Amino acid sequence: FDIFLAIIIGICSIPVLIVVLIIIKIDSVGPIIYRQIRVGRNGDFFMLYKLRTMQFDAEKNGPQWTQKNDLRVTRFGRLLRALYIDELPQLINIIKGDISFVGPRPERPEFVEKLKKEIRFYEMRTLVQPGLTGWAQISHEAPISIEETKNKLAYDLYYIKNCSMIFDFI
């Protein structure tokens with residue numbers, strides 16, 4: 001179902017993507033598609049794809065969480081994020097089987113190692129296929145601290161315990 005739906009949405013979004021790709025190229029310097037290693041099911045690594053919404057050198061000082069009103073986000077990137085258009089390339093990840101439509105959002109390895117040490121049961125998020133969106137994303141704002149990450153983890157664990165096709169549709 002995920003693959004079929006990803007293909008349909010991907011085909012339907014081609015006209016929007018063409019316009020967006022051109023605007024990203026005009027708006028800022030750097031590659032259009034942003035690639036990043038993420039932690040998937042069972043702790044396996046995979047390459048996640050997104051449309052670039054930040055300045056090219058956004059992490060010149062090392063990996064960091066996105067903050068509210070992050071100055072590294074480009075003008076057009078703000079709009080892409082607000083409309084979730086930046087997530088469209090993840091349809092490729094769904095087709096490849098790296099992620100599903102619904103599940104805990106995959107995190108970066110640098111953050112996972114730190115969070116596993118600081119938050120009990122954090123690695124349990126990798127028991128299921130990660131998702132393009134998840135219960136934590138629609139129920140909780142993006143975490144910007146360890147405490148907020150603990151709250152987000154509670155939603156992820158609730159999803160893992162109760163995951164079903166009906167819950168996914170909800």
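## Burial and surface

Of the 170 residues in the protein, 42% are buried. The model is a predicted one. Its accessible surface comes to about 10,100 Å², and carbon and sulfur atoms hold 64% of that area.

The charges number 23 positive and 19 negative. Their mean positions, taken for each sign, are 2 Å apart.

## Overall dimensions and fold

The C-alpha trace spans about 45 × 40 × 25 Å along the principal axes of the protein. The radius of gyration is 16 Å, which agrees with the value near 15 Å for a compact globule of 170 residues.

The protein has eight helices and four strands. Their order along the sequence is α-α-β-β-α-α-β-α-β-α-α-α. Among contacts with a separation of 6 or more, 66% join residues that are 24 or more positions apart.

## From strand 2 to helix 3

Strand 2 covers residues 45-51, and T74 lies in the loop that runs from this strand to helix 3. T74 counts as buried because its relative accessibility is 10%, below the 20% limit for that class. Beyond its neighbours within four places in sequence, T74 is in contact with D27, S28, R52, T53, M54 and Q55.

R75 is found in helix 3. With a relative accessible area of 67%, R75 is exposed, whereas T74 is buried. Between the C-alpha atoms of R75 and Y155 there is a separation of 31 Å; along the chain these two are 80 residues apart.

## The loop between helix 3 and helix 4

Helix 3 spans 75-82, and Y84 has its place in the loop between helix 3 and helix 4. The phi angle of Y84 is near 60 degrees, a positive value in a residue other than glycine. Y84 is exposed, with a relative accessible area of 59%.

P89 lies in the loop between helix 3 and helix 4 as well, but P89 is buried, at a relative accessible area of 7%. The C-alpha atoms of P89 and Y49 are separated by 5.4 Å, although the two residues are 40 apart along the chain. Y49 is also one of the contacts of P89. Leaving aside neighbours within four places in sequence, the others are I33, K50 and L51.

## Helix 4 and its contacts

Helix 4 is made up of residues 90-96 and includes N93. N93 counts as buried because its relative accessibility is 0%. With neighbours within four places in sequence left out, N93 is in contact with F46, M47, L48, Y49, D98 and I99. Residues 45-51 form strand 2, and the contacts of N93 with F46, M47, L48 and Y49 fall in that range. P89 touches Y49, K50 and L51, so that both the loop before helix 4 and helix 4 itself have contacts with strand 2.

## The loop between helix 5 and strand 4

The loop between helix 5 (109-118) and strand 4 (131-133) holds F121. Phi of F121 is near 70 degrees, again a positive value in a residue other than glycine. F121 is partly exposed, with a relative accessible area of 40%, which lies between the 20% and 50% limits.

Y122 has its place in the loop between helix 5 and strand 4 too. At 3% relative accessibility, Y122 counts as buried, while F121 is partly exposed. Apart from neighbours within four places in sequence, Y122 is in contact with E107, V112, L115, K116, T149 and L153. Of these, V112, L115 and K116 lie within helix 5, residues 109-118. The C-alpha atoms of Y122 and I85 are separated by 28 Å, and the two residues are 37 apart along the chain.

## Aromatic pairs

Five aromatic pairs are found in a search of the whole structure. Ring pairs link W135, Y158, Y159 and F167 into a cluster.

Technical notes. Residues numbered from 1 in each chain as written. Predicted model: local features only at pLDDT ≥ 70, side-chain atom pairs only at ≥ 80, totals over all residues. Heavy atoms only, no water. Helix = DSSP H or I, 4+ residues; strand = E, 2+ residues; numbered from the N terminus. Rg over C-alpha atoms; globule rule 2.2 N^0.38 Å. Buried < 20%, exposed > 50% of the residue type's maximum accessible area, 1.4 Å probe, protein only. Contact = heavy atoms within 4.5 Å. Areas by Shrake-Rupley, 256 points an atom, 1.4 Å probe, with all protein chains shown as cover. Lys, Arg positive; Asp, Glu negative; His and termini not counted. Charge placed at Lys NZ, Arg CZ, Asp CG, Glu CD. Phe/Tyr/Trp six-rings, centres within 6.5 Å; stacked < 30°, edge-to-face > 60°.
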